[in-house]
Amino acid sequence: MKKQIIALAATTVIGGGLFGTAASAQSYTVQSGDTLWGISQKHNTTVQQLKNWNKLSSDLIFPNQTLEVGGSTAAPAPSNNGTYTVKPGDTLGKIARAHGISVSKLQALNGLSSHMIYPGDQLAVSGNVQVKSQPAQKAAAPAQAQAPAPVQKQQAASQAPVQKAQATAPAQGKTMTVTATAYTAQCNGCSGVTATGINLNANRNAKVIAVDPNVIPLGSKVYVEGYGTAIAGDTGGAIKGNRIDLHVPTKSQANSWGVRTVNITILD
């Protein structure tokens, strides 16, 4: 469909400090160009935790909005056997500080490519032992088979909560980095109907992205950091290669989004 791409250079203003050993409630004022992903990385937490703390139903945030970026959960107790079981509210940053290592080392020990962890996951926190932390990470499987008996016993004990976390965890898929702009159906000359027939005027809050079908198949479910899970349901003359255009309800929200480089995951 015809549409107007509204692009402004995104300026990220980084604020807030690092957590202490025992986290107390902290707040952060959203700046122009901020995303939940960027804020979570600067405060050693996750997008989902930020949404839980602030009771957010979507990934959309706005300049001058005040967000809670630190809960009241105490820091994890250090492990004495080289492994740690993730608890609700834990982040890689909290776990790393409690065990005197860096987040990057914690990721390397466990073969993690992101900061995403779930309650019940088993993490190696010392040595060179690797423990499977996510069901889709095949590289961790050999280390799990070679883990010492105490680790295997702990994994068996936590099997039920791990399975519960897997049931609610987002699916894994192909990831890539793209340039993302935003548009709204409420513009001059816009029909409001996408290339696949989705009527955006009938659902102003629909999560839909325009894609290059040669890169992302039309109809795919795609997770976009800072935006959420969307349907690849539209195309555009300027949308070529690793570029997407995401639908938002209003022109002001499209202006606020600007132009960003984000990571996406094609779920199916």
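Here are a few notes on the barrel, the aromatic pair beside one of its strands, and a buried asparagine elsewhere in this predicted model.

1. **The barrel.** Six strands close up into a barrel, in the order S5-S9-S6-S8-S7-S10, and the pairing is mixed. From one strand to the next, the twist averages 45°.

2. **S8 and its two partners.** Strand S8 covers residues 228-234 and runs parallel to S6 (residues 208-210), with 3 bridges joining them. On the other side of the strand order sits S7, which pairs with S8 in the antiparallel sense over 4 bridges. So you can see both kinds of pairing on one strand, and in general strands of a sheet pair through backbone hydrogen bonds, either parallel or antiparallel.

3. **Ile 231 as a meeting point.** Have a look at Ile 231 in S8: it is the bridge partner of Val 208, and also of Lys 221. Next along, Ala 232 is the bridge partner of Ile 209.

4. **How enclosed is S8?** Of its 7 residues, 5 are buried, so the rest of the structure largely encloses this strand.

5. **The turn into S8.** The hairpin of S7 and S8 has 3 residues between the strands, and Gly 226 there takes a positive phi near 85°.

6. **The aromatic pair.** The structure holds 1 aromatic pair. Its members are Tyr 227 and Trp 257, arranged edge-to-face, with 6.5 Å centre to centre and 75° between the planes. The two come from distant parts of the chain, 30 residues apart: Tyr 227 is in the loop between S7 (221-224) and S8, while Trp 257 belongs to helix H8 (residues 251-257).

7. **Buried rings.** Tyr 227 has a relative accessibility of 1%, so it counts as buried. Trp 257 is buried as well, at a relative accessible area of 3%.

8. **Charges over the rings.** Each ring of the pair also has a basic side chain to check. Lys 207 lies over the face of Tyr 227, at 4.2 Å from the ring centre. Over the ring of Trp 257 sits the charged end of Arg 260, 3.8 Å from the centre.

9. **Asn 54.** This residue lies in helix H2 (residues 47-54). Its relative accessible area is 18%, and since the cut-off for buried is under 20%, Asn 54 counts as buried. What does its side chain meet? A polar atom of the Asn 54 side chain lies 2.6 Å from the backbone nitrogen of Glu 68. Leaving aside neighbours within four places in sequence, Asn 54 is in contact with Thr 66, Leu 67 and Glu 68.

Methods: Residues are numbered from 1 along each chain as its sequence is written. This is a predicted model: local features need pLDDT of at least 70, side-chain atom pairs count only at pLDDT 80 or more; totals for chains, interfaces and linings use all residues. Side-chain values use heavy atoms; hydrogens and water are left out. Two strands pair if DSSP finds at least two bridges between them. Axes are lines fitted to C-alpha atoms, for helices over the stretch in contact, and angles run from 0 to 180 degrees between N-to-C directions. Rings of Phe, Tyr and Trp (its six-membered ring) pair if their centres lie within 6.5 Å; planes under 30 degrees apart count as stacked, over 60 as edge-to-face and the rest as tilted. Buried means under 20% relative accessible area, exposed over 50%, partly exposed in between (1.4 Å probe, protein chains only). A charge sits over a ring if NZ of Lys or CZ of Arg is within 6 Å of the ring centre and within 35 degrees of the ring normal. A polar contact is a pair of N or O atoms within 3.5 Å; within protein, one must be able to donate a hydrogen and the other to accept it, and residues adjacent in sequence count only if both atoms are side-chain atoms. Contact means heavy atoms within 4.5 Å.
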